[in-house]
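This report goes through a structure by its domains, its charged pairs, one loop residue and one pair of strands.

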Amino acid sequence: MKKIYVIHENSEWTDHLIKRLIKLELPYEEWFLDQGMVNLDELPPEGVFYNRISASSHTRNHRFAPELTEAALVWLEKNNRRVVNGSRAIRLEVSKVNQYMKLNEFGIQTPKTIAASGTEAIVQAAEKIGAVPFITKHNRAGKGLGVQLFHTIEGLKSYVNGPDFEEPIDGITLIQEYIQAPEPYIIRCEFIGGKFMYAVRVDTSEGFELCPADACSIEDMFCPVGEEKETKPKFEILDGFSHPIIEKYEAFLKGSGIDVAGIEMIQDHEGNVYTYDVNTNTNYNSDAEEKAGKFGMLELAKYLGSELEKI
């Protein structure tokens with residue numbers, strides 16, 4: 001029987017989707033691709049294959065999940081299976097350099113960025129950026145990995161040569177101009193089936209780690225656990241959000257083989273919009289959705305079901 005296959009390495013992030021699939025009575029199977037094998041000489045089963053592998057898998061001791069998943073996705077695509085967020089999507093998921101270059105290809109502005117490997121090169125890159133403050137982040141990231149704000153080159157030198165320096169899993173650190181917004185928030189635009197679903201306003205006043213998932217590990221100190229204690233919600237879905245960049249985002253997704261994504265943007269004091277992150281294993285915040293009456297995982301389950309019907 002043809003099914004919806006959910007490919008992932010973190011059950012906490014698929015729990016809500018599985019519940020929606022069950023409620024809609026859609027046949028499904030989970031493929032947990034932490035380790036295993038892909039027999040290239042066998043035919044894959046019939047169905048829809050939804051890739052939810054994360055760039056931050058290595059933080060859950062699933063170091064090679066993206067590499068194994070890409071092998072599986074290429075195998076599926078070679079055999080003409082319907083893959084949602086296929087091999088091209090995972091290459092963007094695990095590399096912000098790839099993301100920025102593809103975004104630029106579609107006329108989408110990204111912050112000035114230099115990729116560097118090695119502590120000496122990181123400092124040289126910061127000097128070359130020529131602007132303060134600036135930030136560092138990991139090229140293969142997720143969960144705000146490696147994001148640090150610096151106001152001086154000396155501060156960066158102390159960091160990269162000190163015990164708190166986080167070595168990126170792929171060895172590449174990004175040095176990026178810091179975009180100062182008039183107010184402390186960013187906008188995250190959610191897309192399903194390549195089409196805009198809604199935008200969420202994310203409060204950044206407490207820091208950079210802004211995963212909207214309900215289940216966050218304890219070290220994610222800025223995830224919305226205990227959000228009810230906040231006087232102002234960290235995540236708020238914007239009613240009737242509209243912006244010219246949405247059309248560019250949809251064109252970018254179509255041209256990148258991405259069906260499901262969350263794209264984050266920030267606006268500076270002059271009104272310039274910068275796009276700095278694409279999440280192809282996007283999560284949704286249940287408190288914000290409940291308040292707005294919009295449910296990402298429900299819409300995603302419906303979309304996967306409609307794709308299954310086409311087979």
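The sections below take these topics in turn.

**Model and domains**

The coordinates come from a predicted model. The protein chain is divided into domain 1 (3-93), domain 2 (113-177) and domain 3 (181-219 + 230-310). Domain 3 is therefore listed as two segments, 181-219 and 230-310, by the domain assignment used. Taken over C-alpha atoms, the centres of domain 2 and domain 3 are 26 Å apart.

**Salt bridges**

The model has 17 salt bridges when side-chain nitrogens of Lys or Arg within 4 Å of a carboxyl oxygen of Asp or Glu are counted. Three of the pairs are listed here with the separation of their N and O atoms.

| Basic residue | Acidic residue | N to O distance |
|---|---|---|
| Arginine 63 | Glutamate 67 | 3.3 Å |
| Arginine 91 | Glutamate 70 | 2.7 Å |
| Lysine 302 | Glutamate 299 | 3.9 Å |

In the pair of arginine 63 and glutamate 67, the arginine has a relative accessibility of 28% and counts as partly exposed. Glutamate 67 is also partly exposed, at 35%.

The salt bridge of arginine 91 with glutamate 70 has its closest N and O atoms 2.7 Å apart. This pair links distant parts of the chain: arginine 91 belongs to helix H3 (residues 87-93) and glutamate 70 to helix H2 (residues 65-78), with their positions 21 residues apart in the numbering. Arginine 91 is partly exposed at 35% relative accessibility, and glutamate 70 is partly exposed at 25%.

How far apart in helix H9 are lysine 302 and glutamate 299? They are three residues apart in H9 (residues 296-309), so about one helical turn separates them. Lysine 302 has 42% relative accessibility and counts as partly exposed; glutamate 299, at 34%, is partly exposed as well. Elsewhere among the charged residues, Arg82, Asp259, Glu307 and Lys310 are joined into one network by salt bridges that share partners.

**Aspartate 268**

Is aspartate 268 buried or exposed? Its relative accessibility is 10%, and the limit for buried is under 20%, so aspartate 268 counts as buried. The residue sits in the loop that runs between strand E12 (260-267) and strand E13 (273-279).

Within that loop region, the side chain of aspartate 268 reaches two backbone nitrogens. One belongs to glutamate 270, at 2.9 Å; the other belongs to glycine 271, at 3.0 Å.

Which residues does aspartate 268 contact once its neighbours within four places in sequence are left aside? They are Ile179, Gln180, Pro182 and Tyr274. Glutamate 183 is 85 residues away from aspartate 268 along the chain, yet the C-alpha atoms of the two are separated by 9.1 Å.

**Strands E10 and E11**

Strand E11 (residues 235-238) has two faces that differ in cover. Phe235 and Ile237 form the covered face, while Glu236 and Leu238 form the uncovered one. E11 pairs with strand E10 (residues 195-203) in the antiparallel sense, over four bridges. In this pairing, leucine 238 of E11 is the bridge partner of alanine 199. Leucine 238 thus appears twice here: on the uncovered face of E11 and as the bridge partner of alanine 199.

Note on methods:
Residues numbered from 1 in each chain as written. Predicted model: local features only at pLDDT ≥ 70, side-chain atom pairs only at ≥ 80, totals over all residues. Heavy atoms only, no water. Buried < 20%, exposed > 50% of the residue type's maximum accessible area, 1.4 Å probe, protein only. Contact = heavy atoms within 4.5 Å. Polar contact = N/O pair within 3.5 Å; in protein donor to acceptor, adjacent residues only side chain to side chain. Pairing = 2+ DSSP bridges.
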